[in-house]
Structure formats: structure tokens, C-alpha cells
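Trainee: I have a model open and would like to walk through it with you. Could we begin with the empty spaces inside and then move on to the strands and charges?

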Amino acid sequence: MTVQDNPFLPLTAPGIAGLTPYVPGKPVSELERELGIRDSVKLASNENPLGPGPRAREAIAALMGEIGRYPDGGGFELRRVLAEYHGVPQTAVTIGNGSNDVLDLIARTFLYPGVESVFSEHAFAVYPISTQAVGAAARVAKARDYGNDLDAMARLVTDKTRVVWIANPNNPTGTWLAAAPLKSFIESMPRTCIVVVDEAYTDYVGEPDFPDATHWLEQFPNLIVTRTFAKAHGLAALRVGYGLSDPRVADLLNRVRQPFNVNAFAQAAAAAAIGDLEHVRASVEFNRAGMRQYLDAFKRLGLEYIPSVGNFITVDLGRPAGPVNHELLKRGVIVRPVGNYGLPDHLRISIGLEAENARCIAALEDVLAS
Ligand SMILES: *Cc1c(COP(=O)(O)O)cnc(C)c1O
């Protein structure tokens, strides 16, 4: 049944009919059953191949006896720890069931039919979904070298624009914006427009002029910076992220937020993980070595790629990626086609453990040679 035939469609909020559901990677167990394979490697969702660090693991184990209790609806301890870590007031913090949830809270708070949000071509899929789900209009700027073109984005901003979404670095391209241009962009935005800087991959970036937008919060009351525990902290399954903003903005977001949106395990693990700099450092080092592995292989195979500062690399196959992806699946290698991001010839590969990367590279080489 197409959505047009759905008898409940006329009852829905504006924008629902136009939504394309987010297509997550299939569960590994299902794929293995379908394809009759085993021991597949999953390099499709930019997870940390090391998982969580020891502090987060201990925090989770310590909570087993509390499963029967609701979590702290205000997230007091997690917000306290995050506020201390970032040197902001606790009232500046909004916690989410993943940073996706915070992005969605932003949309539900500031977007509605008749107003607009602005983002780039090849931007993170949640921006269009959250915008459309609340019936607002999306204005999409052309990308420059696969990344955010801030000038093109600024040209789309009108008095109807309420939110500008910027992932830095961007997923799925791994491109990034330096401090100076990003800061002047935010400066140039009207104060009636919320600028979201989504820093999901910030821990992986080593470039000297890469910004930490949380340092600009005092200067720009219309800035919201989001972070996640799903990537460098290895807590993807728990679903926990947060936004930092002017406390008056956070107050509005927290009115929309469901009180128990972040579960107790997620709160405790995140509070323990934020200070585990050792684990983040180890994860970043692993990532750097893995990235080298891929870049060396792409060079050897004569493949173009989009230079990435994240924990993934998006490679240009020079031909439709769908059939190559299917062949990789048959060889037990799960990566992410990015046709829905306007990149039909690319595959996004998350950096895994050395042996996983080696399997992926060998399979890719095999498929491309056949
Ligand atoms: C992975 C990712 C997130 C984080 O999502 P969670 O909901 O925290 O798992 C946010 N933004 C971008 C650009 C991402 O790639």
C-alpha cells in the first residue's frame, strides 16, 4: 500500500505524507539469515568498534538492581556532570534519547507549518525528517566539495527561517568547517534564527582550526550545540546525547522534552563516560590507524574518496554503488549505501577494528575486480 492509499492520511499533520522513513541498516542477525552468511562485519553505522570504556561499563553493571525504578526525569546528575565538563550552567543542558532526540526537540520547539529550516545537500538525514514531520519547509543549499557551503546556506535564510542545521563534521561526507568561517556565519545570522551545530564526531577531529562551538554559547544566544555518546564514547545502544544552549532556549526545549526520555543506564553510563578521556583517546587512535588502512587501500585500488575527519570514510566507486554493496553483503561486509543522501556512486564505510577493515578492503577489491 502506498501512503496515498492510506485512509488515515487525511487525518495526519501537514508534512507526514511527504516523509520518507529513515532506513537503518538491517540487524546483522537478519542479514546473516537472509544471505546464509556468518561472522559478518558491520561497518555501517559509525559505531565505536571498541564499545564503551571501563567506567561506563561499571556504571551500567552497578544499576542492574534498579531496573524496576523510573530514571531521574530531570537527568540531574548527568546534567550536573555535563555542565561541569563544559563549564556552562546546568540550566544550559538538554538531554536526549540520542542526539537525534535533541534535534527533534529543536524542530518541535521552533518549527511549524509556514516557517523554514535550512541545511545543505548531503546533510544528516535527521534534519529533513524532523523539519517535515512538524510541517515546516526545508530549504536545501547546494554543497561545495561535498560539504556545507555557508554562503549558499546564508542566501537561503529569510525572515521565515527558524533553524539552520550544520553538522561539523558532516555525516555522511566527513567534511568539516574551520572556526573562522563558521563563527562569522553564526554572527551573520538573525537572532530570530536558531543555529544548530551538531558535533557528533568532534572527538575524532585533530585539525588545529577545527572549532569547539560550545565556546561560543555565551556570545550567541541563538546557538545550540549538540553532542552524542553514540560515537567516540561507544554507547550507541543506550541512546544518549545532549544539547547545550542559552538557558532560555534550553528552558523551551525542556518543556517539550518527555520527562523520561533518557533511561537510567544511559544517564549513568554517559555521566561516567564523559570524563573517561583515556577511552576517547584510545578510540581516536584506533580510528586514525583504521583510516590509514582505508586510504592506503583506496590509493592502491585507484579509488577516489571524500577526505573525512570522522570515524567513517565515503568512497566513490565511479559506478552505481547498489550492486557493489550487494556483492559486499554476500561476502559478509555490511557498509552503508548513501544514495538517499544524493551520493548514488558512493559507499560510506565506518572505521572498524584492523581485522574488520582488512576484510572490508579485501572484499571490495574482490568485488571491483570481478
Ligand atoms: C550519529 C550522528 C548523530 C548522533 O545520533 P544519536 O542519536 O546520538 O545516536 C547526530 N548527528 C550526526 C551528524 C550523526 O552522524
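Mentor: Gladly! A cavity here is a set of grid points where a 1.4 Å probe fits but cannot get out, and its volume is the space filled by probe spheres set on those points. Keep in mind that this is a predicted model.

Trainee: How much space lies in the second largest cavity?
Mentor: Two cavities reach 30 Å³ or more in this structure. The largest of them has a volume of about 50 Å³. For the second largest, the space comes to about 30 Å³.

Trainee: Which charged residue is in the lining of the second largest cavity?
Mentor: Around this cavity sit Gly53, His233, Ala273, Asp276, His279 and Val280. By class, that makes two nonpolar, three polar and one charged residues. Asp, Glu, Lys and Arg count as charged while His falls among the polar ones, so the residue you want is Asp276.

Trainee: How many charged residues line the largest cavity?
Mentor: Its lining includes Asn48, Pro49, Leu50, Tyr204 and Phe286. Ser283, Asn287, Ile351 and Gly352 also belong to it. Sorted by class, there are five nonpolar and four polar residues, and the number of charged ones is zero: no charged residues.

Trainee: Moving to the strands, which ones form the edges of the open sheet of four?
Mentor: The order is S9-S10-S13-S12, with antiparallel pairing. An edge strand pairs on one side only, and that holds for S9 (304–306) and S12 (336–338). On average, neighbouring strands are turned by 35° against each other, direction ignored. The edges, then, are S9 and S12.

Trainee: Which residue of S10 stands opposite glutamate 304?
Mentor: S9 and S10 (residues 312–316) run antiparallel and are joined by three bridges. Across from glutamate 304 you will find aspartate 316.

Trainee: At what angle to S10 does helix H10 run?
Mentor: H10 covers residues 277–301 and lies across S9, S10 and S13 (343–350). Relative to S10, the helix runs at about 10°.

Trainee: Last one: how far apart along helix H3 are glutamate 84 and arginine 80?
Mentor: Side chains of opposite charge can pair when their charged atoms come close. The structure holds 19 salt bridges, and glutamate 84 and arginine 80 meet in a salt bridge at 3.4 Å, N to O. Because these two are four residues apart in H3 (residues 76–86), their separation is about one helical turn.

Note on methods: Residues numbered from 1 in each chain as written. Predicted model: local features only at pLDDT ≥ 70, side-chain atom pairs only at ≥ 80, totals over all residues. Heavy atoms only, no water. 1 Å grid on protein atoms, 1.4 Å probe; cavity = no way out; pocket = protein on both sides within 12 Å on 5 of 7 lines; lining within 4 Å. Pairing = 2+ DSSP bridges. Axes fitted to C-alpha atoms, helices over the stretch in contact; angles between N-to-C directions. Contact = heavy atoms within 4.5 Å. Salt bridge = Lys/Arg side-chain N within 4 Å of Asp/Glu carboxyl O.
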